[in-house]
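User: Please take me through the fold and packing of this model in a short series of questions and answers.

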Amino acid sequence: MSHNHLKEAFISNLNGTSLLEISLGLSLPPLCLLCRGLLLILYYLHYGKPLSSRKCRLLLDFLVLISPLVFSCTVLSPVIFVVPALIAAFCAGIFSKIYSQRKQETRVPFRQIVKEFQEVYLDPEYIPAVTVFRVYINVLTSISILAVDFPQYPRRYAKAETYGTGVMDLGVGAFIFGNALVCPEVRQKSYVTQLKLSSLAKQFFSVWPLIFLGVGRLVSVKSIEYHEHTSEYGVHWNFFFTLAFVRLAASLLLAVFPKNQSWIVAINLAVLYQLALNTTSLKMFILHGSNGRDTRAGFLNANREGLLSLFGYLAIYMASVRLGLRLLRCSSSVRGWTEALRFLLLTVLALFLLLGVSQACADPVSRRMANLSYCLWVLAHCLTFFLWFVVTDLALVFAKLLVKGSSVPCCWDIVKPPGTSAKHGTEAVPVGREGRLSHACLISAINKNQLLFFLLANVMTGAVNILIDTIHSKTAITLCILHLYMFFNCLIMYILHAKNIVVKFW
């Protein structure tokens, strides 16, 4: 067997892991974010000033926000059920230290602090959980696309062949979900009919970088005979084409249907597509081709997985647009977001219930087909992930109340209640040097150049696979390569962010 065939076989014929393991794994990034925030608050409490060194901030962010994720999907994967509990216990210890020191200084009853917390108003123009969600999906995907080629990455985390829920199966759906939360239709406060045509034209123009990257990836992979898993998207199709065409199709649908009714469009798309899979020969065509022998003759046969899965991804996008609109209506107070959390939790429970019914009555989860079960699974886990980040942000807001003047990057700012004077208001957003330091954050850096970050990850993944025999790498070598790969990518983003450079060609 050739080296390319060996690498392809290494990531083929897999069945995924359990929903519980994926849910536990998704709790790690929010816990890491909470840990970083509490450490910064504790530093401010001890020294009376924020951590000012950019180098120290980068090192702290990488060691706390990125490195645990690399370890958790490699050497710590056998004990993944224990890792979240350990990080949570560490966070509880830091919080206990912050609270005990605050209590010695002020002696304010805990009930009074909770009451003050519930009345706090947050910056209504910014929902940090959306930013952090999108960045972490990018980070987790970047780690996985290289780590999957090493033996230390569990095979159960890799993409399932036909049916199953691997960690990497969540990637494309989560990118679709994150893109929909910040799409123009969601961000535009006034989306009147006369603006729809111009917005649609902008959408057609804005996807050309994705088309360009898709073509570039296709040409480079074919020219160097890089190993690829054909049953993932097909012979010519790839991730970038899926993102581009879903965005275009969604813009067309949202130009026709009211955006507030996008969830109805999503339900119709997902259910009708599943009915077509179950009642026609469509499922057999996707899995085995038009001749039943896995033929790849002709464009449709060659790319059947990528083309037909667009229906499922489009349903995810449309449902996520409705969620994005719902989030914009959330109150800017902590009390309002507490109510929003209840709504999100009920929605998650309903989605998991529907997922169980769908798997029992229709089909198991299949990323390859992007069937109804896959759509429900992606929405349920993405909402769970997002919910974790909202809880983390609220916990950090509470911690910041304990230590007046402290700041945490990529977290809600506490603002004055509407209609109150400065004398009676809550503390204003930090300004000056401390305010600028709050933006010296790895998450903000990646967020500013997300497409470049993912493109660099793809290029470096290809380079590592060409230069190194990843399949037979020892554990120490694997960990070194993965850490260097992520640190180099993060460092470039951090430098660009420090110089206020956004790499954008459109």
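The exchange below treats overall form, one helix pair, the cysteines and one residue.

Analyst: This is a predicted model, in which local features need pLDDT of at least 70, side-chain atom pairs count only at pLDDT 80 or more, and totals for chains, interfaces and linings use all residues. Residues are numbered from 1 along each chain as its sequence is written, and side-chain values use heavy atoms, with hydrogens and water left out.

User: What is the radius of gyration of the protein chain, and what would a compact globule have?

Analyst: The radius of gyration is taken over C-alpha atoms, and the globule rule is 2.2 Å times the number of residues to the power 0.38. For 506 residues that rule gives a radius near 23 Å, and the protein chain agrees with it, at 23 Å.

User: What percentage of the residues in the protein chain is buried?

Analyst: A residue is buried under 20% relative accessible area, exposed over 50% and partly exposed in between (1.4 Å probe, protein chains only). Of the 506 residues in the protein chain, the buried share is 55%.

User: At what angle do the axes of helices α18 and α20 cross?

Analyst: Helices are DSSP runs (H or I, at least four residues) numbered from the N terminus. Axes are lines fitted to C-alpha atoms over the stretch in contact, with angles from 0 to 180 degrees between N-to-C directions. The axes of α18 (residues 310-328) and α20 (residues 372-402) come within 9 Å of each other, and the crossing angle is roughly 30°.

User: Which residues of α20 meet α18?

Analyst: Contact means heavy atoms within 4.5 Å. From α18, the participants are G312, Y313, A315, I316, A319, S320, L323 and L327. Their partners in α20 are Y374, C375, V378, L379, L383 and F386.

User: Why does C490 form no disulfide with C441?

Analyst: A disulfide is a pair of cysteine sulfur atoms within 2.5 Å. C490 is buried, at 0% relative accessible area. The closest cysteine sulfur to that of C490 lies in C441, and the bond is ruled out because the distance is too far, at 11 Å.

User: How far is the sulfur of C330 from the closest cysteine sulfur?

Analyst: C330 is also buried, with a relative accessible area of 14%. The closest cysteine sulfur belongs to C411, too far for a bond at 16 Å.

User: Which residues does I481 touch, not counting those up to four places away in sequence?

Analyst: I481 lies in helix α24 (residues 475-498) and counts as buried, at 13% relative accessibility. With residues up to four places away in sequence not counted, I481 touches L146, F150, V464 and I468.

Methods. Helix = DSSP H or I, 4+ residues; strand = E, 2+ residues; numbered from the N terminus.
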